[in-house]
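Please walk through this chain with the model open beside the text. The account begins with a single residue and then widens to the cores, the loops and the overall form.

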Amino acid sequence: FGSHFHSRCFRCSECGRQLHHAEDEYLEKDGLPCCPTHEEPEVCYGCSGTVPSKDAITSFNETWHSHCLRCYEPGCNATWTQDQAEEEAEMKQGVLICKAHNLLCCYSCKERIRPENLLQWNNQDMHT
């Protein structure tokens, strides 16, 4: 915490419960000790479910469950670790997909374009 506390003053900043620095679980919240039960749950970008902070994975500046860090292109079963995701995946229209799918977004409607439906006009990608 970068601060010094008397043992009797080491308390949860939310509920005031005294914490024992060596025996109790606690986390830092705004530079002060806090019981883990007061922690705000994180929301998974992939499924919108809550993710305990200890299990959260951050990728593409979003929070994910490990099982939600996967390709959302129909028929693809690719999954990634936190280290692999930003190398092998990309966000297209808010959806995580493999870079290998090479899908572009339509300049006009902003939806994804499959390569077989691609029309390029004036340096803009559009559906055929």
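**A lysine in a strand, and what surrounds it**

Lys92 lies in strand β7, which spans residues 89-92. The model discussed here is a predicted one. Although Lys92 is buried, it has no salt bridge. The nearest side chain of opposite charge belongs to Glu90, at 4.4 Å, and a salt bridge is counted only within 4 Å, so this pair does not qualify. Setting aside neighbours within four places in sequence, Lys92 is in contact with Ile97, Leu103, Leu104, Cys105 and Arg112.

Where do the nonpolar side chains gather? In soluble globular proteins, such side chains tend to be buried together. Here the largest nonpolar core has 15 residues. Those with the most contacts inside this core are Trp64, Leu69, Cys71, Trp80, Leu96 and Cys98. Strand β8, residues 95-98, supplies the largest share of the core, with three residues. A second core, separate from that one, has five residues, among them Phe10, Cys12, Cys34 and Cys35.

Cys71 gives a view of the larger core from within. Not counting residues up to four places away in sequence, Cys71 touches Cys76, Ala78, Trp80, Leu96, Ile97, Cys98 and His101. Ile97 is thus a residue touched by Cys71 and also in contact with Lys92.

Two loop residues deserve a look at their backbone angles. Asp30 sits in the loop between β1 (27-29) and β2 (32-34). The phi of Asp30 is near 55°, a positive value in a residue other than glycine. Asn122 is placed in the loop between β11 (118-121) and β12 (124-127), and its phi is near 50°, again positive in a residue other than glycine. Are these side chains buried or exposed? Asp30 is exposed, with a relative accessible area of 76%, and Asn122 is exposed as well, at 56%.

Now consider the whole chain. It holds one helix and 12 strands, and from the N terminus on the order of elements is β-β-β-β-β-β-α-β-β-β-β-β-β. The radius of gyration is 22 Å, whereas a compact globule of 128 residues would have one near 14 Å. Along the principal axes, the C-alpha atoms fill a box of roughly 70 × 30 × 25 Å.

Burial and contacts complete the picture. Of the 128 residues in the chain, 23% are buried. Among contacts with a separation of 6 or more, 20% come from residues 24 or more positions apart. The accessible surface of the chain comes to about 8,800 Å², and 45% of that surface belongs to carbon and sulfur atoms.

Key. Residues numbered from 1 in each chain as written. Predicted model: local features only at pLDDT ≥ 70, side-chain atom pairs only at ≥ 80, totals over all residues. Heavy atoms only, no water. Core = buried A, V, L, I, M, F, W, Y, C linked by side-chain atoms within 4.5 Å. Buried < 20%, exposed > 50% of the residue type's maximum accessible area, 1.4 Å probe, protein only. Helix = DSSP H or I, 4+ residues; strand = E, 2+ residues; numbered from the N terminus. Contact = heavy atoms within 4.5 Å. Lys, Arg positive; Asp, Glu negative; His and termini not counted. Rg over C-alpha atoms; globule rule 2.2 N^0.38 Å. Areas by Shrake-Rupley, 256 points an atom, 1.4 Å probe, with all protein chains shown as cover.
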